[in-house]
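Ready for some practice? Open the model, grab a pencil and try each task before you read its solution.

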Amino acid sequence: MKKTAILSSFLMASALSLGLQGGAMANEPAVNQDHSATAGEAVSDTWITTKIKADLASTKDLKSTDISVETNNGVATLTGTVPSEIEHKKAVAATESVKGVVKVDSSGLKVKPE
């Protein structure tokens, strides 16, 4: 009988202790929040930017060294200068062809005056 009373007391104390810990933990803010969507977007934008730069560099008759590329949520922004309107159009077309690009902002890509 004495062993049963001790065992019952131990189990009751353990159950209460675990219950209180669980309640305390439930009120704490989550430390390990899921940032996978944000990380996925960043990786995706980084990949898109890299792919655009590679495509610009390999586009025939396009001097891409003076073109900067930034991508944010699939919107590719081209800035810098190109020698002609034809090269401007080539840069925009090459950028638009990259998978994941939802829009191209080329307002910052200027044609050098001759």
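**Exercise 1: Placing a histidine**

His-88 sits in helix H3, which covers residues 85-96. Keep in mind that this is a predicted model.

Task: Work out whether His-88 is buried or exposed.

Solution:
- Step 1. Look up the relative accessible area of His-88, which is 13%.
- Step 2. Compare that with the cut-off: buried means under 20%.
- Step 3. His-88 is therefore buried, since its value is 13%.
- Step 4. Now check the neighbours: leaving out residues up to four places away in sequence, His-88 touches Val-82, Ser-106, Leu-109 and Val-111.

**Exercise 2: The whole chain**

Task: Find out in what order the elements of the protein run from the N terminus.

Solution:
- Step 1. Count the elements: the protein has 3 helices and 3 strands.
- Step 2. Walk along from the N terminus, and you get α-α-β-β-α-β.
- Step 3. For some context, 23% of the 114 residues count as buried.

**Exercise 3: Odd backbone angles**

Task: Asp-61 has a positive phi; where does this residue lie, and is it buried or exposed?

Solution:
- Step 1. Recall the usual pattern: most residues other than glycine have a negative phi.
- Step 2. Asp-61 isn't a glycine, yet its phi is positive, about 60°.
- Step 3. Locate Asp-61: it's in the loop between helix H2 (36-58) and strand S1 (67-72).
- Step 4. Its relative accessible area is 55%, and exposed means over 50%, so Asp-61 is exposed.
- Step 5. Try Asn-73 too: its phi is positive as well, about 55°, and it's found in the loop between S1 and strand S2 (75-82).

Technical notes: Residues are numbered from 1 along each chain as its sequence is written. This is a predicted model: local features need pLDDT of at least 70, side-chain atom pairs count only at pLDDT 80 or more; totals for chains, interfaces and linings use all residues. Side-chain values use heavy atoms; hydrogens and water are left out. Helices (H or I, at least four residues) and strands (E, at least two) are DSSP runs, numbered from the N terminus. Buried means under 20% relative accessible area, exposed over 50%, partly exposed in between (1.4 Å probe, protein chains only). Contact means heavy atoms within 4.5 Å.
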